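Trainee: Please take one part of this model and look at it closely with me. I'd like to hear about the backbone and about any empty space inside.

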Amino acid sequence: MGFGIVDIGVYLPEQIQQPEEVLAAMELGKGELQFLRKYHRLEGVPVTESDQMLDDTIAQAVERLQSRHSLSEIDLVLYVHSFQVQTPSDYRLGQRILCRFGLEDVPFYGISQMNCASSIAALQWLERISRTQPHIRNVLLICADQFNFLPPEWRYLRKSAILGDSAVAVLLSRESRQHVVQASHVLRDTRFHTGYHATADEISAFNRLYVDHIIQGMEELLSMQGLSFEDVNHIFPHNVNWTTWKEFSRRTGVGLDRIYLDNIQRIGHTFSNDPFINLSSGLEQDWVCMKGRSIMVSIGLGSFFGFALVEHGGCEEE
């Protein structure tokens, strides 16, 4: 039995930046804006104030979680981030967060290097380490990124997405029987290792294989458990764009009604946090079939395709 997701604290900045604001400084023309608005259905992305530090962003997500659950029995803290450099080298971000919540004596690890797939990589790493360290019972997983210290135009991934700011704090426990992470998988294609710095030709080649890799990675994850797409009730996607999931649905037969798409328009892509935010929203809206299965998806430039299989349980038979 894997770790169950007990609860998720989500922080999204109130300030929403419109696509027009991001593209204005890049002089890309109306065609690019229409692509985002009409085809990708993006309305805006949440952005932090220019003077807000990342530890304050993280603290707001942890505080939301702490208001519902005690953190006194946490055995391990994992901090996931997509963007490599977020604070000055001597800022000691992790220590600031741990001390803020009285967790300074809890073992702490940072996980990155797989860009926006790092959140799934963290679940995979937790699965492996827990086999040899059974004393780890309760884990605090923090995922956070923000771009407020960089020029606004850096938020834009050409013809794909605009990056928004957010933080999530996820409480995982071996004791929980609801929303249990049964398996995780990361598919890698290092031909596209240049990621954010790829040339136009490399980006085009990556885009041609993008949905192929999503399908392949999901099939590999499911085959580990002897399952197929027919056994999956929901998909909690990364929010890069709506077009990706329309094409995925067409090619796999997985209906769009089984893919949580509401947040793509509302908040867009928030680095590695998307699947957790979407799962949280789906649970709040009673969208989740509580006896079913879900796949969480997070994809990073580089390129890394991350997938986690979640078994929803804990309900009695009627």
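Mentor: Let's start with Asn 115, which counts as partly exposed because its relative accessibility is 24% (buried is under 20% relative accessible area, exposed is over 50%, and partly exposed is in between, using a 1.4 Å probe and protein chains only). Keep in mind that this is a predicted model, where local features need pLDDT of at least 70 and side-chain atom pairs count only at pLDDT 80 or more, while totals for chains, interfaces and linings use all residues. Residues are numbered from 1 along each chain as its sequence is written, and side-chain values use heavy atoms, leaving out hydrogens and water.

Now for the backbone. Most residues other than glycine have a negative phi, and most peptide bonds are trans. Asn 115 has a positive phi, near 50°, without being a glycine. You'll find Asn 115 in the loop between strand E5 (108–111) and helix H5 (118–132) (helices, H or I, have at least four residues and strands, E, at least two; both are DSSP runs, numbered from the N terminus). Asp 286 isn't a glycine either, yet its phi is positive at about 55°. Asp 286 sits in the loop between helix H9 (274–284) and E12, and it counts as exposed because its relative accessibility is 68%. On the other side of E12 there's a cis peptide bond, from Gly 302 to Ser 303, with omega near 0°. Ser 303 belongs to the loop between strand E12 (293–300) and strand E13 (304–311).

On to the empty space. A cavity is a set of points, on a 1 Å grid over the protein atoms alone, where a 1.4 Å probe fits but cannot get out, and lining residues have an atom within 4 Å of a point. Points are joined across faces, edges and corners, and a volume is the space filled by probe spheres set on them. The model has two cavities of 30 Å³ or more, and the largest has a volume of about 50 Å³. Its lining includes Ile 58, Tyr 79 and Phe 108. Strand E4 (76–80) and helix H4 (93–100) each give two or more residues to that lining, with H4 giving the most, four. The lining divides into eight nonpolar, one polar and no charged (Ala, Val, Leu, Ile, Met, Phe, Trp, Tyr, Cys and Pro are nonpolar, Asp, Glu, Lys and Arg charged, and the others, Gly among them, polar). The second largest cavity holds about 40 Å³. Of its 13 lining residues, those closest to the centre include Leu 42 and Ser 160. That lining has seven nonpolar, six polar and no charged residues.

Methods. On a 1 Å grid over the protein atoms alone, a cavity is a set of points where a 1.4 Å probe fits but cannot get out, and a pocket is an open set with protein on both sides within 12 Å along at least five of seven lines; lining residues have an atom within 4 Å of a point.
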